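User: Could you take a close look at one helix-to-helix contact and explain it slowly, for someone in the first year of study?

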Amino acid sequence: MSNSPLVQYIKISPNSTNPRRKKIKKITIHHMAGPLSVETCGEIFAKPERRASSNYAVGVDGRIAMYVEEKNRAWTSSNAANDNEAVTIEVANSAVGGDWPVSDKVLARTIDLCVDICKRNGIDKLVYTGDKSGNLTRHDMFANTVCPGPYLGSKFPYIAAEVNKRLGVQTQTPFLVKVTADALNIRSGPGVANSITGTIKDKGTYTIVDTKDDWGKLKSGIGWIHLGYTKRLDPSPPAPAPAPAPAPAPAPYLVKVTANKLNIRSGPGTNYKIQGAITDKGTYTIVDTQGRWGKLKSGAGWICLNYTKKI
Ligand SMILES: [Zn+2]
């Protein structure tokens with residue numbers, strides 16, 4: 001079990017159970033209840049009588065600290081079962097009280113740290129369910145506490161989404177299926193080894209929000225069904241709309257040059273380079289127009305129509 005290479009400050013706390021008893025499967029994010037530096041937080045966790053610690057912290061300036069190595073269980077979430085499976089992170093607030101805000105920078109560093117923890121520990125997806133069944137958990141799921149505070153707490157779905165984006169998790173667009181079997185078992189997970197949690201007998205239409213192999217997860221949250229006994233209803237994604245036809249070029253028209261000398265430029269504007277001049281006050285065919293500029297049919301370039309008369 002490794003530790004994060006993002007760590008910039010280390011002060012190992014005596015408050016831990018060594019080693020942790022379970023494989024790391026979760027992340028639990030806490031707030032510090034104050035704009036603490038990693039040093040101050042480390043001082044607090046260094047006191048044995050505090051009987052508290054975390055694996056990591058993101059300090060108020062965005063620096064990342066380690067207080068308990070990942071191989072050990074930190075005392076963070078008031079729950080041994082959780083902390084034996086979780087890497088815990090204390091996150092500094094940007095102010096005291098209110099909705100306990102956290103700066104964007106600290107939030108971004110927290111996400112960086114979560115991505116790193118997931119990658120090194122083989123966590124392929126961070127799932128925030130709002131309860132302890134997910135693998136992104138929070139202190140107030142286990143104890144009567146305001147931690148992680150309203151602001152940081154509201155960011156948990158965002159944190160999971162950002163982490164998953166960076167882990168390359170594909171997000172499934174929900175789709176509809178019609179059940180074709182008379183009785184289709186609903187299971188607690190994607191596979192026949194999972195327990196049966198119900199049966200669909202109405203040959204009805206259901207929304208699938210996630211897939212794994214041949215299994216689809218029901219939107220209701222009741223479980224997974226085998227998609228081999230369903231028919232997908234909604235059409236495959238519409239073909240991309242054809243590119244809009246280019247605006248028809250204006251009909252060519254004739255102009256008579258009125259200036260003694262009229263520059264021909266490589267494009268419709270004086271910022272384009274001069275590549276010739278008309279000195280014969282002749283009549284020319286314009287095949288395209290942009291603003292006050294006309295494109296010569298010969299392909300020689302563009303002229304300013306201010307010095308011409310349409311005929
Ligand atoms: Zn907490």
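Analyst: Helix H3 passes helix H5 in a right-handed crossing, where right-handed says that the near helix is turned clockwise from the far one by less than a right angle (anticlockwise would be left-handed). The model is a predicted one, in which local features need pLDDT of at least 70 and side-chain atom pairs count only at pLDDT 80 or more, while totals for chains, interfaces and linings use all residues. Residues are numbered from 1 along each chain as its sequence is written.

H3 covers residues 104-121 and H5 covers residues 156-167, helices being DSSP runs of H or I with at least four residues, numbered from the N terminus. The two pack at an angle of about 50 degrees, with their axes 9 Å apart; an axis is a line fitted to C-alpha atoms over the stretch in contact, and angles run from 0 to 180 degrees between N-to-C directions. H3 and H5 are therefore oblique to each other, the word left for angles that are not under 35 degrees (roughly parallel), over 145 (roughly antiparallel) or 65 to 115 (roughly perpendicular).

On the H3 side, the contact is made by Thr-110, Ile-111, Cys-114, Val-115 and Cys-118, and these meet Ile-159, Glu-162, Val-163, Arg-166 and Leu-167 of H5, contact requiring C-beta atoms, placed from the backbone, to lie within 7 Å. These residues divide into seven nonpolar, one polar and two charged, where Ala, Val, Leu, Ile, Met, Phe, Trp, Tyr, Cys and Pro count as nonpolar, Asp, Glu, Lys and Arg as charged, and the others, Gly among them, as polar.

Elsewhere, an open sheet of six strands has the order S1-S5-S4-S7-S3-S8, with mixed pairing, strands being DSSP runs of E with at least two residues, and pairing needing at least two bridges found by DSSP.

Definitions and conventions. Two residues are in contact if their C-beta atoms, placed from the backbone, lie within 7 Å.
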